[in-house]
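This report goes through selected features of one protein chain, one topic at a time. Please have the sequence and the model open while reading.

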Amino acid sequence: MASAFREDTSHYEHSSPAASIHGDRGDDGERTSNAPLRPGDDASSTDHVQEKAAVAAPLTKRQKVKRHCGRFRWWYLIGLIILLAILLPILFLVIIPAIVQRIIDNQPMPVTGGAFVAISSKQLNVSITTSLSTPLPADIDPVTLFMYNHDTPNFSPFCNITLPPLHVDGDTEINISEQTVTITNETELISWFSKVFDQPNVTLSTRGDSVVHLGKLHSDAHIDKTVTVNSLNQLSGFGIEHMQLIMPAEANGTNIQGTLNLPNWGALTLGIGNLSLNLMSGDIRIGLITVYDVLLPHGNNSRYFNGELFLDVLFQNIGSILSSQSDALNDGNIQIDATGNATVVNGEHIHFIEAILNNRRVTSYVSVVKLASDLISSFTNGTQVAIPDLLDDIFGNSTLIQEALSHWNATGNGTATKTKKSWPSASARRGLFGPGALSLLKLGMRMGVGKY
């Protein structure tokens, strides 16, 4: 049955008209056929096969990003400009200044040396040695640093110094050398110097504003530092090292000279000019000495002094003096205290030093044996005054001796309970200070001096 519908093409001719859809061929040129034309025999058989297009290789991530950025590059450029417009001001105006300020705040800036030297009642010569440690190289513009007491509620600087231009890179030492500064608040300076004298260490506060340069960038920086500095600790270790009498006394009354130790346990050298000190035994002023051109670097400082020992006061108050010396004498010492009297630089009184030292009292202990040795050497070391003759002058004054002994008799009973050692009886004292004992003492002194 299938062959019944097959078209017979065995007698097909090229010139024959194409069969119509209805199966008839129709007349030549008179009717148009709706059947499709057949290709010629010379057409390749491969024309009936359609080749598939080659499959494209997948894009890598980099290619995808590149294609994406190329497509949206103008949008990204606009976004970047907007982002930089926001971030750059924050970077230069907020972040970098905050980093610089943090570096400044973390600097300990220890005071390792320096000096405060009084040159007048209104001026000081100030030197400071400190250091900075920075992670980045930087340049610092000159800055005025105000010195003040951190404990004072209101900011009240007593002087100011100028920090010179600096280039810092890593650990850098800073030296502020011999700047003459004017005292702007004497009350605050006295308060600070009082702590320097009384305490083993004291705080020193400074404040100022500067500009820090990091290459071409610069930033404002605020400096507010409080550091701890070792100080005088009440001149602990003060003492008279040597003492000699000058006989006869000089025209101005000077009859004593020697050396004393003025220790400075602080990091700052102190200069206070000519220092006059009252020598005290108990409440009795027994002398006045002057130490010249006082400049105290760190450590013990032996300084020459001269002055006047009030011999008349000594003998007139021998009982009270011995009473006040009882505890020290029990240990074989003489206690000599000192208080400030005057501080003078170039003939001008330095009030901010006097306000402190004149209200302070320091104590020294001198061995009785050493003091006696120093006093004896006063008359055996080139002096024309002989000790036996001096004893004649002193002990030959029976009125003076009797007065001293009677005064001692009057006060001896009241002070006997305070001393650890018992004193000789009245008859023993008369034997001790009698003419025979005095003659033996003078003879022994002459023999001792003759050996030298």
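## A partly exposed aspartate and its salt bridge

D198 counts as partly exposed, because its relative accessibility is 26%; the range for that class runs between 20% and 50%. The model in which this value was computed is a predicted one.

D198 takes part in a salt bridge with R360, and the closest N and O atoms of the two are 2.9 Å apart. This pair links distant parts of the chain: D198 is in helix α2, while R360 is in the loop between α6 (351-357) and β15 (361-367), 162 residues apart.

## Other salt bridges

How many salt bridges are there by the rule used here? The count comes to 4. Besides the pair of R360 and D198, they include D151 with K195 and D337 with R361.

The side chains of D151 and K195 meet at 3.3 Å, N to O. D151 lies in the loop between β3 (143-148) and β4 (159-163) and K195 lies in helix α2 (residues 186-198), so this salt bridge ties together parts that are 44 residues apart in sequence. D151 counts as exposed, because its relative accessibility is 57% and the class begins over 50%.

In the salt bridge between D337 and R361, the closest N and O atoms are 3.0 Å apart. D337 belongs to strand β13 and R361 to strand β15, so the pair ties together parts that are 24 residues apart in sequence. Is D337 buried or exposed? D337 is buried, with a relative accessible area of 6%, whereas its partner R361 is partly exposed at 39%.

## A positive patch on the surface

Which residues gather in a patch of positive charge on the surface? They are K61, K64, R67 and R71. Of these, R67 lies in helix α1, which covers residues 61-105. R67 has a relative accessible area of 48%. That value makes R67 partly exposed, because exposed residues need over 50%. R67 can still belong to the patch, because patch members need over 30% relative accessible area.

## Strand β1 and its two partners

Strand β1 spans residues 113-118 and is mostly covered: 5 of its 6 residues are buried. Strand β1 is joined by bridges to strand β2 and to strand β10.

Strand β2 (residues 123-140) runs antiparallel to β1, and 6 bridges join the two. G113 has T129 as its bridge partner in β2. The connection from β1 to β2 is a hairpin of 4 residues. With strand β10 (residues 269-281) the sense is parallel, and 3 bridges join it to β1. On this side F116 has L270 as its bridge partner in β10.

## Strands β8, β9 and β12

Strand β9 pairs with β8 and also with β12. The pairing of β8 and β9 is antiparallel and has 6 bridges. In it, G239 stands opposite N261 of β9.

Strand β12 covers residues 302-309, and its pairing with β9 is again antiparallel, over 6 bridges. Here I256 stands opposite G307 in β12.

The chain between β8 (239-245) and β9 (256-261) is a loop that holds P248. What kind of peptide bond joins M247 and P248? The bond is cis, with omega about 0 degrees.

## Positive phi outside glycine

Two residues other than glycine are described here for their backbone angles. Q234 has a phi near 60 degrees, a positive value in a residue that is not glycine. Where does Q234 lie? Q234 is in the loop between β7 (217-230) and β8. Its relative accessible area is 47%, and Q234 is therefore partly exposed.

N346 also is not a glycine and has a positive phi, of about 50 degrees. N346 is found in the loop between β13 (333-345) and β14 (348-349). N346 is exposed, because its relative accessible area is 77% and exposed residues are those over 50%.

Note on methods: Residues are numbered from 1 along each chain as its sequence is written. This is a predicted model: local features need pLDDT of at least 70, side-chain atom pairs count only at pLDDT 80 or more; totals for chains, interfaces and linings use all residues. Side-chain values use heavy atoms; hydrogens and water are left out. Patches are made of residues with over 30% relative accessible area and no salt bridge: like charges are joined within 9 Å, nonpolar side chains (Val, Leu, Ile, Met, Phe, Trp, Tyr) within 5 Å. Accessible areas come from the Shrake-Rupley method with a 1.4 Å probe; for residues, only the protein chains shown count as cover. Lys and Arg count as positive and Asp and Glu as negative; His and the chain ends are not counted. The place of a charge is taken as NZ of Lys, CZ of Arg, CG of Asp or CD of Glu. Buried means under 20% relative accessible area, exposed over 50%, partly exposed in between (1.4 Å probe, protein chains only). Two strands pair if DSSP finds at least two bridges between them.
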